Structure formats: C-alpha cells, structure tokens
Amino acid sequence: MNVAFTLNGRRAAYECSADDRLKTVLRRAGILSLRNGCDGEGSCGLCAVLLDGKLVNSCLVLAAEAEGREVVTIDHYNADPALRTIQRALIDAACVQCGYCTPAVALSIRELLARSPEPTAAEVADALSGTLCRCTGYEQYFEAVRIAAARLADPAYAAPKGPEFRPDLRHVGKDRDKVDAETLVRGEAAYVEDRLAPGTCWLKVLPSPHAHAWIKSIDVAAAEAMPGVVAVLTHENCPDKVYTTAGQGYPEPSPYDQRMLSRKVRHVGDRVAAVLAETPEIAEAALSAIKVEYEVLEPVLSIAQAKAPGAPVIHSGAVSYVAGSPPAGTSVEGDGRDDPIVYQFPLHSDPHRNLAASATAGIGDVEAGFAAADLVVERTYKMNRVQCTPMEPHSVLAKIEAGRLVLHASTQVPWHVRRIVARAVGIAENKVRVIKERVGGGFGAKQDIVVEDLAGYLAWKTRRPVFFRYTREEEFVASRTRHAMEITVKLGARRDGALTAILMRLDADTGPYGQHCLTVPMNAISKSLPLMLCENARFEVKSYYTNLSPAGAYQGYGAPKGSFALQTALAEMAEALGMDQLDFLEKNRVRSGSRIDILKSLGEGREGAAVTLGRCGLGDMIARGRQAFAWEGGAGAHGQSAAHGQPAAEAALPESAPPLSADWKLGRGAVIIQQGSGLPGLDAANAELRLLADGTLLMLSGGADLGTGLDTLTAKLAAEVLGLDPEDVTVISGDTDSTPFDKGAYASSGTYFSGGAALRAAEDLRAKVIATAAALLGEKPEDLRIEPRGRVVGLRGEISLAKLGHLSVQGEGHGELVGFGTFKTDHAAFPFGAHFVQAAVNERTGEVKILRYHAYQDCGTPINPALARGQVYGAALKAIGHSLYEEMLYDERGRCLNPRFLDYKIPTIAEVPPDFRVELMPVEDEVGPYGAKSVSEISVNGAAPAIAIAIHDAVGAWVREWPFTPERVLRAMGKLS
Amino acid sequence: MVNAYFRPKSAEEAATLLASEKDAVLLAGGTYLLTSQFAKKPMAAIAISGLLPAAIERHGERVIIGAGATFQALAEAPGMPKALRDAALAMADRNIRNRATVGGNIGADKSCASLVPFFLVAEARYSRVGALALGAAEWQALPAAERGIAAAVEFAAPTARRFAYERYARTSCDVAVLTCAASAEFETAGGGLAARGLRIAMGGLSPHARRFPELERLFEGAALPGKAAIEAAAAPLFSPVSDARGSAEFKRARAAALLADVLAALANPEANETPEARP
C-alpha cells in the first residue's frame with residue numbers, strides 16, 4: 001500500500017506492507033536517528049518520533065496509521081534553533097556518552113519544553129520516562145534541561161561551570177566538548193547499522209532450544225534450496241578449530257573451548273546453524289526449514305549441580321596445554337565425540353568435572369588468625385546473573401575489500417577481534433581489518449568476539465557483505481552476562497575491632513564456555529581484599545561450567561561481587577562487635593603508605609608483588625561522606641545508626657523525595673571501594689600524533705572509545721602538550737589498519753593506558769617540534785617553549801606550528817613531524833572511592849527506595865570532570881539496578897524467562913535517587929597522564945553492599961542475595977517462609 | 001503479524017469488519033497489539049483511531065470518557081477522580097501513554113490492565129457501537145468475540161463516594177504485578193467511619209482484573225480495621241500463581257498489603273480530591 005504523510009515538514013509517500021511499522025519505513029527512507037534497542041517491544045523509546053506533536057514510539061505505530069498525519073524526527077529539528085539549543089545543552093551537561101539514545105532524549109526534551117518552558121524535575125522525569133539509557137545514570141539530563149530552558153528564555157544565559165582541577169593546565173581538568181557529541185546528538189550516521197549498503201546479506205542463527213544436547217542429525221537441504229539463501233553453516237561445514245571468544249591479551253587466560261558451531265549445544269540459545277540470506281525475512285524462513293534431531297542431555301543449571309559428584313559433563317573433549325601440564329589427578333582424555341579444549345597455560349582446571357579454572361593463595365596463617373580472634377563471623381552471599389544490556393546490541397558488518405576481510409564492528413577490542421577472527425576464519429592477520437564504529441554501549445559484553453567470527457567467516461567464504469546484529473533476546477541469552485557467584489566470607493576480629501583473619505571462598509558460574517572464567521572471579525578478590533589490612537588473608541576461587549547463558553566481562557569485572565560480599569561481611573562483623581560500621585572500616589582500611597602484602601598473591605597472570613601505597617584519599621572521602629550524611633551522633637546498641645529504623649515520615653528527606661508513609665523506615669550504609677587502572681605488566685597501548693600542514697593535529701589512537709569519552713581525552717592531552725585547543729585535534733581511533741596497536745577498552749585501562757600512550761605521542765611530537773624549531777630559529781632547544789595557540793617561542797624569535805607544519809610537507813623542509821607513544825608500565829594505580837546510601841525500606845512490603853546516593857570518587861586528575869562524573873553516575877545507577885531489580889531468571893530446562901526489557905527491569909529515570917551526587921576527590925597518580933587514574937568501572941562496586949547495609953540499618957535484616965527484591969527482603973525479615 | 005489493514009470510515013463499518021474478517025482485531029493505540037510478542041500471530045487490523053469519541057467530560061456526578069481517549073489525555077483531564085488519574089499514570093511511560101487508549105485497555109482486558117479495576121469499582125458502563133451498553137463486569141463475562149466495540153465509558157462519581165487506586169510494580173515503568181482499586185461511601189457509626197457500598201477490584205490475581213465480593217463482605221458496614229488486620233483477613237482469599245515476577249507466597253502477601261494500603265487511602269478524605277495539576 002502507499003502511505004502519504006508529512007515528514008519533517010515535507011509531503012512524502014512510501015510504499016509499505018500492512019505490517020510495516022513507521023520506524024521501518026522511516027529508516028528505509030534514510031532517517032538514521034531512529035534507533036532500536038528492544039526489537040519492537042516499545043520498551044526502550046529509542047525510535048521516538050513526534051506524531052501530530054505527541055512523542056510516541058514509532059515501532060508501535062503501523063506505517064499505515066501515519067496516513068495524512070504529521071511526523072517529525074530529530075532530523076527535522078537539526079535546523080531548528082530551539083532544538084539546537086537543547087542539543088547544545090546536552091553536550092554542555094556531558095549527557096552524550098554512547099549517544100545511541102541521545103536523539104530520542106533530545107526530541108523528548110524538545111517536546112517537553114514546548115509545553116512547559118520551565119519544567120519541574122518531576123516533569124523532566126515524566127518526559128524522559130519512556131527512554132532507556134544505560135550509560136548516563138540520567139542525572140545530568142536534569143541539568144541539560146535546566147540549561148536549555150534558561151537559554152531558550154535568555155539566549156545569553158551562561159551555564160555555571162562545574163568543578164575544575166589542575167589550575168596549571170589549560171584543558172586538562174576542565175570541561176570541554178566531547179569530540180563526537182555533535183555527530184551523536186544530531187543522530188547522524190555513526191554506528192555499524194548505519195553502514196549497510198544495497199546488497200548486504202543478513203545473517204541469522206538457529207538457536208538451541210535445549211540447554212544441553214547432542215545434535216544427532218541436521219538437515220539443511222530445504223533451507224539451502226530457498227531462493228535468496230546464500231549459505232547455510234552448521235557444525236558439519238564450519239572450520240574445525242576451537243578458540244576463546246574472550247578479547248584478552250594473547251595468550252589468553254581462558255580455555256579454547258568453543259567451536260564456531262559445535263555438534264554439542266551447551267545452553268539454550270547456543271548456535272545450531274547459521275543462515276546467510278539476501279533479506280532477514282528469507283533468513284528467518286530458512287531457519288524454520290532446518291530440521292534438527294537432538295539427543296537431549298541432563299542440564300547443569302547451578303554451581304551446586306556442576307560440582308556435585310557424578311554431574312553431567314559439559315565439556316568432554318580431550319584437554320591439552322600449550323604450555324605447562326595438567327594438574328595432577330585431572331582427566332585429559334576426550335570421549336572422541338566432543339570438541340577439544342586447549343589451555344594456553346594451566347588454570348588449575350578439571351573440565352571433565354566441570355571445573356573450568358581455580359586458584360588458591362594467601363598471606364600469613366588464616367587459621368592462626370581465626371584462633372587469635374575474639375569473634376568469628378562467617379556468611380555466604382549470592383549474586384545472580386545480570387545482563388550488560390547495551391542499548392545497541394552486538395552488531396557487525398563484514399565485507400571483502402581488495403581481497404581482505406573488513407569488519408565494521410561495535411567492539412571494545414579491535415585488535416583482539418582481528419586476532420581471533422583471523423584464527424577462526426583460517427587467514428593471516430594482515431588479511432583482516434577491523435574498524436571500530438561508534439559503540440552504542442559495551443560495558444564489557446563487547447570485550448568478547450560474539451558475532452564477528454561467524455560474520456567474518458561467511459563473508460570470507462561467500463565474498464558477500466554480511467550484516468549480523470543480535471536481537472535483544474539473543475543479547476540476553478547468547479551474549480555475555482555477569483557471572484553468578486557465591487562467596488563465603490569468614491572474618492576474625494578482636495574486641496577492639498582489629499581484623500585478625502579474612503578468608504574468601506568463591507564459586508563462580510562461567511556458563512557453557514570458559515571466557516574470563518578465572519580472571520573475573522579473581523578480580524572479585526583482587527579488587528576487594530587489598531582494601532583491608534590484615535596479616536592473615538586467603539582466598540579460594542573455583543569457576544564452574546554450567547548450561548546457563550554465557551558469562552563474561554561486565555563493568556567491574558567481578559569486583560562488584562567481591563565488594564558486595566566482603567563489605568557486607570565487614571558490616572556484619574561490625575554489628576557483631578557492636579561497632580559503627582564506618583568506624584570498623586576506618587580501623588582496618590588501607591591508608592597512605594600502607595604496605596599491601598596480599599598483592600603478592602594477586603598477580604594478574606604473573607608473579608605478584610607487595611605494593612606500598614602512596615597517598616590514599618580514602619580518609620578524605622569517608623570524612624566527606626560522614627559530614628554529608630551527619631554520620632556522627634552516636635551508634636545504636638548494635639552498631640546501627642542513630643536514625644536506625646526511623647520512620648521516613650518523621651525525617652527530613654531530600655527535596656524531591658516521594659512522600660513516604662510510616663511504613664517506610666530509614667537506614668544508611670557506607671562502603672569503600674577500589675579498582676585498578678589497566679593491567680600493569682601485561683597490556684600496552686600506542687598512539688601516533690601527526691602535525692598537519694596547517695598546524696592542526698591528527699591523533700591516531702589505538703584506544704576504543706565506547707562512548708566513555710576516550711577520544712576526547714586523547715584530543716585534550718595532545719592539545720594540552722602542543723598548546724592548541726581540542727578542536728585543533730582530530731582523533732582517528734580503533735582502526736587496525738590506520739592506528740597503532742592498543743589492548744582495547746577493558747580493565748579500566750582507557751584513561752591510563754590509551755591516554756598514557758596519547759600523552760607520550762604528544763610529548764614525542766613536542767620534542768621533535770622543539771628540535772626542528774630550534775634549528776630553524778637558531779636557538780637552543782632548551783630555550784624554546786610552546787605557548788598557546790601553537791606558537792614555539794624562543795629567546796629571540798618564534799615560529800608557529802602552522803609554519804612548521806607547512807615546512808614539514810615541503811621539498812626543502814624537514815620532513816613530516818610525527819610523534820609516537822607507547823604506554824606500558826609495572827606501576828599499579830588504584831582509584832578509590834567511598835559510596836554512601838540512605839535507603840527507605842517498607843517494612844510491610846519489602847520495597848526499597850534509594851533516597852540519597854553519594855559517590856565520593858578518586859580518579860586521580862579528572863581529565864574532563866563532567867564526563868568523569870557522568871561515568872560515575874552511570875555506573876552507580878547500573879549498580880543500583882543490579883542490586884534492586886535486575887536478575888536473569890531460568891526455568892528448570894535452562895530457558896531464560898525474562899530476555900526482554902518488559903520483563904528484565906533496568907532503571908529508568910524514575911529510579912534516579914532524589915539526592916544523587918558525585919564528588920571527585922582526586923589524588924594524583926605519579927604515572928598516569930597528568931596524574932589521572934581510571935574512573936568508570938570502580939563506581940559499580942559500591943551500591944550492592946551499601947544498600948544491603950542500609951536495608952539492615954532500616955529494618956534489621958541482612959539480605960545476602962542480590963538483587964534485593966521485595967520478596968527477598970521480606971524473607972530476610974522473616975515475613976515469608 | 002498484520003496481514004491486512006483496514007481503515008473503515010465509521011465505527012459501524014469497523015463493527016461489521018470485526019464480525020466478518022478472519023483474524024480481525026481492533027487496532028487502537030497499538031501499544032499492546034503491535035508489540036513483538038504478537039509478531040507471528042496473523043492479524044487483520046481494523047484501525048479505529050479517530051472513529052471513536054475521545055472526549056473526557058464530567059457533568060455533575062456523571063463522568064463520560066470516550067474510548068478513543070489516550071491515557072495521557074485522561075491523566076491531564078480536569079475534574080477526574082484522583083484514583084482514576086493514578087490509574088492512568090500507573091502506565092508510567094509517557095511515550096506509551098500518548099498512544100494507549102481507554103478502549104484499548106478495556107479491550108485487551110489483561111490481568112493487570114491499569115484502568116479496568118477502577119472501572120469495576122466505579123460500576124462503569126461501556127457503551128458499544130451498534131449494541132446495548134454493558135456494565136464493566138458484564139463486558140468481561142462475555143466471550144471476546146461477542147463484546148463488540150466499546151465506544152465510551154460512563155460512571156457516577158458522587159461527592160459522597162470515595163475512590164482509591166494503587167499498584168505494585170517492580171520499577172516505575174514496569175507493567176503492574178498487582179493492581180487494586182476500591183470505592184465506598186463512609187458514614188459515622190459506632191464512633192468511627194464505616195464503609196458503605198464497599199467495592200474492591202484487583203488485578204494480577206486472575207486472568208482478568210475482577211471484583212472481590214468476598215473481600216467487600218469482610219469490611220462492609222464497619223469501620224475499616226488497621227492495615228495488619230486487613231492483611232491477615234485478606235491474604236487467605238488470594239490464590240496467585242508463581243511466575244518470574246514473584247512466588248505465589250510473596251504475591252499473596254503483597255496483594256494483601258496492597259489492599260490494606262488502598263483501603264487506608266480510601267478512608268482518607270483526600271482520596272476523593274480531583275486534582276487539576278498535570279503530571
């Protein structure tokens with residue numbers, strides 16, 4: 001049928017089917033700003049348009065329903081002064097992170113301000129209630145609306161500046177525009193899905209309906225015979241090799257236990273077959289035509305089942321080691337049927353008993369420590385699976401250009417993608433190019449090679465362009481999730497509160513494959529235990545295979561779970577001792593100059609070493625939180641706060657807190673947290689900086705910006721060193737052909753490693769500029785300095801970077817001026833933080849509301865403070881979601897029961913705490929760029945323990961399993977059986 | 001999947017199509033029918049947006065709401081009982097409220113339909129296209145194929161009658177797990193306020209929201225007891241099922257608490273206010 005309507009002020013007519021949604025038709029018409037986070041469920045709001053002036057989700061509007069109506073997208077408003085003001089305000093308030101939701105947010109604010117020029121916070125929340133954002137934590141949207149409203153009323157309005165740092169520097173420590181913000185806020189082409197050309201084929205995967213089964217037979221003849229089907233791939237015709245999908249440095253500490261397609265399926269949603277077809281509809285039809293006969297096996301659906309004697313074996317192939325030998329007593333002989341497992345080096349595994357990896361170490365003598373204790377507390381904590389839920393699912397476009405495989409990928413690890421795909425396809429790395437596009441959220445899930453191997457192989461095999469994008473359901477069941485874990489913490493302490501021993505026993509569920517099977521659980525230990533000073537400490541880590549969804553990297557990388565278990569156990573010990581929990585933390589925490597011996601046992605893939613801490617800002621951060629929360633005032637009889645269990649109705653609550661009845665009791669909690677800044681001694685990053693002919697700069701950074709602002713950071717560092725402004729620097733990043741190697745965006749390494757490389761490249765270029773200018777000016781290099789903007793000034797004369805740049809490309813000149821920087825270090829830089837929570841708990845219903853959340857955060861020098869705060873807000877709200885709402889649920893057959901946003905609830909803007917505050921309290925690092933450390937990941941570590949402690953403070957019950965659903969709170973309170 | 005699309009010129013024509021077309025469904029706002037969960041269900045969509053009244057009117061005690069009114073319009077409409085506005089705002093996602101219609105909510109009649117519990121306790125009547133009006137409960141009792149097209153909702157909101165509405169959802173923008181609406185008049189009796197003509201409807205405990213006469217009898221004619229007593233009396237009368245959103249045991253306790261909260265709100269004289277403020 002033909003549908004005619006007004007699109008962005010112009011009459012337009014489109015051919016469409018009865019089932020076509022308005023979103024589909026608009027995307028076909030080239031409106032790229034409409035994004036897709038929920039596959040037409042209407043739950044993400046990223047495809048919002050104005051339909052006759054009302055904000056609606058275009059995926060829930062039949063195209064035919066638009067007949068005769070007026071449709072407006074953000075593309076129309078790109079020329080509209082009011083919207084430009086809103087877009088500018090979003091940039092100024094540092095709201096643009098991955099940018100995938102930003103056009104929808106901008107449109108929502110445009111609609112809001114049109115009907116309410118001075119909106120209240122409640123109106124802002126209502127206007128954005130239909131838009132999901134996983135990056136920002138929403139808090140800065142309120143500021144953006146304030147700025148936009150003020151500027152619309154008074155174009156001369158100047159927004160107040162945020163906190164600034166390092167007054168000795170021009171750009172570092174000050175807020176500058178994010179370099180990609182303009183493109184993203186306008187909804188322009190930026191993501192993989194925007195790169196599709198006519199003729200691109202679609203790849204779809206037949207998912208396993210069984211958690212554990214052999215494929216007895218598979219018949220693809222009918223599928224292959226369908227017109228428009230390009231290729232069908234099964235375990236019978238795919239490459240016969242195993243690899244790991246973990247995007248880690250090579251050799252990876254993850255077993256090679258996954259084949260592109262296997263004759264054994266190990267989780268519901270596992271790959272059974274892949275179809276490449278000319279349209280998605282044909283691909284779907286072909287999948288339906290594939291006949292599969294399964295031999296269904298008993299599934300392993302929990303850690304307890306995995307380690308039970310006689311448990312079903314998930315991997316029964318032959319086990320081999322590239323280096324080292326199998327642990328004594330383990331089985332290595334395969335059953336002749338299953339795929340082999342190859343370890344690059346021993347991980348203390350026993351895969352035929354479902355043990356993927358293990359580690360045990362410690363310092364001192366914990367048994368002696370417990371014997372010396374006046375009090376011993378032992379508690380077990382459980383953390384269920386949560387999903388990363390980037391708004392843009394995994395996505396890749398693979399094509400052949402000049403005989404090479406080119407992957408446009410939404411990835412955190414371009415170089416690991418190149419290496420692993422090359423291996424999977426069976427070609428050399430020089431035949432593969434990976435171009436990282438803008439990434440619509442990664443959060444760790446895109447550290448793995450989840451879609452690129454299959455798409456790359458089929459593109460190589462068929463020579464056709466291949467687009468492979470996960471559905472939201474696939475993102476849940478076949479992407480990567482946070483490992484489920486059970487951690488038992490045993491603490492010994494003397495009556496005076498001094499810890500005498502800490503024992504952490506951790507069991508992790510790595511799912512059907514072993515990517516990150518050891519490193520994630522180890523990070524739960526290595527980012528929690530070193531916070532506490534104790535002479536006797538020990539950990540035992542075991543990681544088990546199960547038939548649930550694959551686990552992997554997720555922001556925090558295990559640390560949130562270790563933090564939840566240890567910090568909550570410490571609070572439980574404080575209660576047992578009758579001490580204030582914060583006083584107990586203070587007595588035992590690390591401080592400036594502490595020697596952290598446990599790090600001898602926590603070398604990340606190499607021999608560890610004790611570290612003597614430099615300056616530690618934890619004391620200042622705790623003091624700040626104490627003051628803001630009026631913590632002093634005397635502890636209750638059992639270590640509770642003075643306000644323990646106070647009815648919310650009688651208390652002074654944050655201004656925008658909802659009215660709460662006497663059923664709601666108040667409680668507070670505080671925790672200290674830490675993370676690392678990359679992997680010292682293991683990883684490396686590189687950057688190249690070129691002086692262009694007009695004196696501007698081209699930064700070639702290997703770093704992978706996931707929306708975190710890494711490209712902005714590298715631009716600022718270059719501008720700072722060369723006396724220019726960030727807009728004088730163009731950043732090309734994450735392209736394996738044109739930029740130098742970088743380990744990728746993981747392990748909190750972006751600022752420290754990629755930024756460090758960029759800084760060194762800039763310093764290298766500065767040295768070359770000075771040397772060249774010195775020769776031209778006839779002065780000594782040591783007498784020259786670079787001044788804004790781009791002037792090399794000597795004692796007698798000066799020359800501009802523009803002049804030097806011009807000369808560098810002339811025949812009589814000095815050759816191109818290029819700086820190169822490599823960053824690697826053995827120095828461990830720890831960011832620390834203190835997070836404080838005030839929660840209200842309904843003692844009748846078990847519901848929990850977070851009223852106040854303060855994050856006091858040390859990230860060293862914040863290179864771009866507002867973006868850094870945005871990282872913290874986003875991480876903290878994510879962690880609130882994990883703590884209160886989010887949980888992947890499975891039935892008795894291993895099927896995920898809630899693989900969509902209607903059922904799996906991530907926080908919306910309505911869940912933002914009424915008093916949500918981030919304060920950066922920097923302690924400069926001696927190695928990081930201008931004293932910077934990492935900022936993002938650490939902030940997911942605080943919410944779970946702080947909220948658990950606050951719940952206990954409010955209602956006297958310890959909830960030891962996350963998420964703290966109302967049902968679990970009531971059970972902990974003894975109100976349910 | 002929408003296999004065929006019809007845009008009738010009148011509500012009567014829509015009714016004829018509904019009776020004659022295979023796999024016919026009425027398409028109002030589309031916020032339920034067009035979601036991906038129905039992607040594989042063949043549907044002949046009969047578009048009724050614009051064909052049904054959308055006005056929201058109050059004439060003294062009588063309230064008339066066109067089936068074509070959106071949730072957002074209902075939330076913004078002046079003069080509506082606070083409880084009805086609460087029910088409309090229970091759909092907390094503005095993008096959805098801008099499309100979802102009153103008629104769609106009645107037609108879908110889901111277990112946790114936001115508005116239906118209110119209409120049940122208001123003893124609303126649904127006028128229909130080309131057919132006699134039906135009470136809200138009568139409408140539910142009919143097989144879906146025989147209901148026809150609801151054109152408008154009409155109910156009485158006398159000053160003396162109070163309404164209250166609450167829901168339980170996991171997050172603000174979640175589909176409700178449980179809903180509860182209640183309505184009563186109050187009179188002084190025995191030194192307290194006694195509920196007269198008490199009506200209680202709940203969603204989430206059965207395939208469709210429904211009245212609970214057994215609960216109404218428990219609390220009719222006497223001063224409402226405290227929350228704990230209400231919970232203790234009500235909980236045994238609920239038979240929820242376990243699912244991904246909670247165990248039966250939890251839902252039973254939560255439903256009892258929800259009811260207690262709603263009855264407590266009902267006893268509050270402010271329950272019947274009709275706020276003018278927009279959300």
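Two strands count as paired if DSSP finds at least two bridges between them. Helices (H or I, at least four residues) and strands (E, at least two) are DSSP runs, numbered from the N terminus. The model is predicted: local features need pLDDT of at least 70, side-chain atom pairs count only at pLDDT 80 or more, and totals for chains, interfaces and linings use all residues. Residues are numbered from 1 along each chain as its sequence is written, chains are lettered from A and ligands numbered from 1 in the order in which they are written, and side-chain values use heavy atoms, with hydrogens and water left out.

**Strand pairing in chain A**

In chain A, an open sheet is formed by 5 strands in the order 27-28-36-37-38, with mixed pairing. Its edge strands are strand 27 (646–647) and strand 38 (915–920) of chain A, each of which pairs on one side only. Strand 27 of chain A runs antiparallel to strand 28 (residues 664–674) of chain A, and 2 bridges join them. Within this pair, Gln646(A) is placed opposite Leu666(A) of strand 28 of chain A. Strands of a sheet pair through backbone hydrogen bonds, in either the parallel or the antiparallel sense.

Both senses occur around strand 17 (residues 375–383) of chain A. With strand 22 (residues 484–493) of chain A, strand 17 of chain A makes an antiparallel pair over 9 bridges, and Leu375(A) stands opposite Ala493(A) in strand 22 of chain A. With strand 39 (residues 961–962) of chain A, strand 17 of chain A runs parallel, joined by 2 bridges. There Lys382(A) has Glu961(A) as its bridge partner in strand 39 of chain A.

**Cis peptide bonds**

Strand 39 of chain A is followed by the loop that holds Pro963(A), which lies between this strand and helix 24 (966–972) of chain A. The bond joining Trp962(A) and Pro963(A) is a cis peptide bond, with omega about 0 degrees. Tyr250(A) and Pro251(A) are also joined by a cis peptide bond, again with omega about 0 degrees. Pro251(A) is in the loop between strand 9 (242–243) and strand 10 (258–259) of chain A.

**Cavities**

On a 1 Å grid over the protein atoms alone, a cavity is a set of points where a 1.4 Å probe fits but cannot get out, and lining residues have an atom within 4 Å of a point. Grid points are joined across faces, edges and corners, and a volume is the space filled by probe spheres set on the points. A search of the whole structure gives 5 cavities of 30 Å³ or more, and the volume of the largest cavity is about 670 Å³. Of the 44 residues lining the largest cavity, the closest to its centre are Thr708(A), Gln871(A), Val935(A), Ser936(A) and Glu937(A).

At least two lining residues of the largest cavity come from each of helix 19 (710–722), helix 20 (750–777) and helix 22 (865–884) of chain A. Helix 22 of chain A gives the largest share, 6 residues.

**Positive phi in chain B**

Relative accessible area is classed as buried under 20%, exposed over 50% and partly exposed in between (1.4 Å probe, protein chains only).

| Residue | Phi | Loop in chain B | Relative accessibility |
|---|---|---|---|
| Asp23(B) | near 60 degrees | between helix 1 (11–20) and strand 2 (24–27) | 35%, partly exposed |
| Asp109(B) | near 50 degrees | between helix 5 (102–108) and helix 6 (116–121) | 1%, buried |

Notes: On a 1 Å grid over the protein atoms alone, a cavity is a set of points where a 1.4 Å probe fits but cannot get out, and a pocket is an open set with protein on both sides within 12 Å along at least five of seven lines; lining residues have an atom within 4 Å of a point.
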